[in-house]
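Student: I would like a close look at a single part of this protein, namely its salt bridges. Please describe where they lie and how they relate to the rest of the chain.

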Amino acid sequence: MSSMSSNPIGPAFNVNSMNVNKMDVRDATEAFVSDIFAKILNSAQDSELFKENKLIPESNTEKWFKEWINVEYANMLTQKSLTPLVDQIISSFPPQR
C-alpha cells in the first residue's frame with residue numbers, strides 16, 4: 001500500500017456513507033477525534049522507534065491490517081476515554097438556532 005498521506009483505509013469517519021441530515025454533533029465530533037487519533041497511531045507506527053529489523057519485510061496486507069486496527073482502537077478510545085475532549089469540542093460550537 002501507499003503512505004499515510006493517501007490513507008488507504010479511509011478515515012475513521014466517512015460522511016459519504018452516512019445520511020448527513022441524521023448525523024448529530026456528538027457523532028460528528030467523535031468521528032473527528034477518532035480520525036485524528038487513528039492518524040497519530042498510524043504515523044507513530046511508521047517512526048523509527050517502532051520499526052524492527054525483520055528478516056521478512058512487512059507485506060502490504062500487514063500494513064493495512066495494522067492501520068485498520070488503529071482506526072478501531074481510536075474509535076473505542078474516543079467513546080470510552082476521550083469523552084471530556086469530545087464534550088469540550090461540542091461546547092465550543094455555538095448553539096444551533
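**Salt bridges in a helical chain**

Tutor: Read along the sequence, the protein chain follows the pattern α-α-α. The model is predicted, and its secondary structure comprises three helices and zero strands. Of the 97 residues, 23% count as buried. Among contacts between residues at least 6 apart in sequence, 81% join residues at least 24 apart. The chain exposes about 7300 Å², of which carbon and sulfur atoms supply 58%.

Against this background, the structure holds four salt bridges. Side chains of opposite charge can pair when their charged atoms come close. One of the bridges joins the side chains of Arg 26 and Glu 30, with an N to O distance of 3.7 Å. Both residues belong to helix H1, four residues apart, which is about one turn of the helix. Helix H1 itself covers residues 25–45. The two partners can be told apart by their accessibility: Glu 30 is buried because its relative accessible area of 19% falls under the 20% cut-off. Leaving aside neighbours within four places in sequence, Glu 30 is in contact with Thr 78, Gln 79 and Val 86.

Arg 26 also meets the side chain of Asp 87 in a salt bridge, at 2.2 Å from N to O. Arg 26 lies in helix H1 and Asp 87 in helix H3 (residues 83–91), so this pair ties together parts that are 61 residues apart in sequence. Arg 26 counts as partly exposed, at 31% relative accessibility, and Asp 87 is likewise partly exposed, at 33%.

Another salt bridge is found in helix H2, where the side chains of Lys 63 and Glu 67 meet at 3.3 Å, N to O. Being four residues apart in that helix, Lys 63 and Glu 67 are separated by about one helical turn. Lys 63 is buried, with a relative accessible area of 17%, and Glu 67 is buried as well, with a value of 3%. Returning to the residues discussed before, salt bridges that share partners join Arg 26, Glu 30 and Asp 87 into one network.

Helix H2, residues 60–80, also contains Trp 68. Trp 68 is partly exposed, with a relative accessibility of 37%. Together with Trp 64, Phe 65 and Ile 69, Trp 68 makes a nonpolar surface patch of about 380 Å².

Key: Residues are numbered from 1 along each chain as its sequence is written. This is a predicted model: local features need pLDDT of at least 70, side-chain atom pairs count only at pLDDT 80 or more; totals for chains, interfaces and linings use all residues. Side-chain values use heavy atoms; hydrogens and water are left out. Patches are made of residues with over 30% relative accessible area and no salt bridge: like charges are joined within 9 Å, nonpolar side chains (Val, Leu, Ile, Met, Phe, Trp, Tyr) within 5 Å. Accessible areas come from the Shrake-Rupley method with a 1.4 Å probe; for residues, only the protein chains shown count as cover. Helices (H or I, at least four residues) and strands (E, at least two) are DSSP runs, numbered from the N terminus. Buried means under 20% relative accessible area, exposed over 50%, partly exposed in between (1.4 Å probe, protein chains only). Contact means heavy atoms within 4.5 Å.
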